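Please work through the exercises below with the structure at hand, trying each task before reading its solution.

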Amino acid sequence: MEKRKIKIIQFVEAFGGGVYTYVKDLCNFLVQNHDTDCEVHLIYSPNRVEFDSELFHKDIDSRVTLHKLDMHREIVLKEDINIVLKTRKILKKIQPDILHLHSSKASVLGRLASVGLINRSRIFYSPHGYAFMQQNISGKKKYFYKFIEYIMPTLFGGLTIASGNTEFELSKKISRSFLIRNGVDFSLPEKILESRNNKRLVIGTIGRLTPQKNPELFNQIAEKLPDVDFIWIGNGELQHQITSDNISVTGWIRTREELLHKLNEIDVYTQVSLWEGLPIAIIEAMAMRKPLIVTNIVGNRDCVDEGYNGYVFDSVDEAIVRINQFKDKALIEKMGNNSFDKAFREYHKEKNFSDLLDLYLQNLN
């Protein structure tokens, strides 16, 4: 039986961190799929500071056709109009069956470029954390971003793909939405995982040292627990906020394998972000059998079944109480195993990407 062939474009501006991992993995999954013949194109920008061009070209399957466009996070009207025109030219040439937009900026540029070229029901949008959830912008900006999120699907269509339960609850109020969770591959964590016997409790986190990831809060918690070691896996412009003597900062980790080896060194994973979509970093920690202590925000709390594989917290004092509980090694092991079980059930990359491909195909009929 001849395989069905479809042309799919993935379009991303925010090509760094978890979004990079998700989009790269999705492109690779689609071209490697054995049941559907997917011709995959990736329109991307190399301008995020954490984007590693050399690593990207090693990571991405050679069958994915790349289209590099020089996009910027900020709204720059002249540049953005130029990107819309360039994207429209690409769309006319490829004539895709599916257009999948990733993050807020791409959702606007991609929808504008697609007018009259792609059926509204064949446009998909993954917010990866809505822009209006940012905590470091003014109220006026939040209102503007929220207005854009509401008006774009009304005018130009697009089905929203929510990455986690709480994002799904938000997205249903904005547009037609589907829940297809983020996911990771579990084969590499199983190879890397080794039992450790740290003399002191080790708490770790992953991310760039940026306002979103809230290093100031991480530092405050560490200062109040001098008998606990803390590791920040990453680097960034707010490294000066890390001042506590019991915190070590690794610097940027290039490959997933190196990242998982670092995760293997910790006992408990924490995420102290101010806002998220559904963090790939947390799921990686769950795949490495780490219990969780995370801020009580959209995305973070999706990964925690309270008292089963970890805890959410709303204050420094709450975080300290929960961390002290993990001085019990039996609790680390029990909740770490529960983290793995939850991740395997809910955040398995192959299953979730298969569900997304099925949704693509349903909207072609």
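**Exercise 1. Find the helix that holds Leu85, decide whether Leu85 is buried or exposed, and name the patch to which Leu85 belongs.**

The model is a predicted one, and the first step is to place the residue: Leu85 lies in helix α3, which covers residues 77–94. The second step is to compare its relative accessibility with the cut-off, and because exposed means over 50%, Leu85 counts as exposed at 54%. The third step is to look at the surface around it, where Leu85 forms a nonpolar patch together with Leu77 and Ile81, with about 320 Å² of accessible area for the three together. A general rule helps in reading such a pattern: an α-helix has 3.6 residues a turn, so residues three or four places apart point the same way.

**Exercise 2. Give the strand order of the open sheet of 7 strands, and explain why one side of β3 and of β7 is left without a neighbour.**

Reading across the sheet, the order is β3-β2-β1-β4-β5-β6-β7, and the pairing is parallel. The strands β3 (65–68) and β7 (177–179) stand at the edges and have a single partner strand each, so one side of each is left without a neighbour in the sheet. Neighbouring strands of this sheet are turned against each other by 25° on average, if direction is ignored. To see one pairing in detail, take β4 (residues 98–102) and β5 (residues 123–126), which run parallel and are joined by 4 bridges; here His102 stands opposite Ser126 in β5. Finally, helix α13 (residues 349–362) lies across several strands, including β1 and β2, and runs at about 110° to β1.

**Exercise 3. Decide how far helix α4 is enclosed, and find what covers its buried residues.**

Begin by counting: 9 of the 11 residues of α4 (residues 104–114) are buried, so this helix is largely enclosed by the rest of the structure. Among these buried residues are Lys105 and Arg111, as well as Ala106 and Leu109. The cover over the buried residues includes the strands β1, β4 and β5 and the helices α3 and α5. After α4 comes Gly116, whose phi is positive, near 80°.

**Exercise 4. Locate Asp267, decide whether Asp267 is buried or exposed, and list what it touches.**

Asp267 lies in the loop between α9 (256–264) and β11 (268–271). Since buried means under 20%, the relative accessible area of 11% makes Asp267 a buried residue. If residues up to four places away in sequence are not counted, Asp267 touches Asn198, Arg200, Leu201, Val202, Lys290, Pro291 and Ile332.

**Exercise 5. Give the strand order of the open sheet of 6 strands, and describe the pairing of β9 with β8 and with β10.**

The order is β10-β9-β8-β11-β12-β13, with parallel pairing. The strands β10 (247–249) and β13 (310–313) stand at the edges, each with a single partner strand, and the twist averages 20° from one strand to the next. Strand β9 (residues 229–233) runs parallel to β8 (residues 202–206), and 5 bridges join the two; in β9, Ile233 is the bridge partner of Ile206. With β10, β9 pairs in the parallel sense over 3 bridges, and Val249 in β10 is the bridge partner of Trp232. As a last step, note that 4 of the 5 residues of β9 are buried, so this strand is largely enclosed by the rest of the structure.

Terms used: Residues are numbered from 1 along each chain as its sequence is written. This is a predicted model: local features need pLDDT of at least 70, side-chain atom pairs count only at pLDDT 80 or more; totals for chains, interfaces and linings use all residues. Side-chain values use heavy atoms; hydrogens and water are left out. Patches are made of residues with over 30% relative accessible area and no salt bridge: like charges are joined within 9 Å, nonpolar side chains (Val, Leu, Ile, Met, Phe, Trp, Tyr) within 5 Å. Accessible areas come from the Shrake-Rupley method with a 1.4 Å probe; for residues, only the protein chains shown count as cover. A salt bridge is a side-chain nitrogen of Lys or Arg within 4 Å of a carboxyl oxygen of Asp or Glu. Buried means under 20% relative accessible area, exposed over 50%, partly exposed in between (1.4 Å probe, protein chains only). Two strands pair if DSSP finds at least two bridges between them. Axes are lines fitted to C-alpha atoms, for helices over the stretch in contact, and angles run from 0 to 180 degrees between N-to-C directions. Contact means heavy atoms within 4.5 Å.
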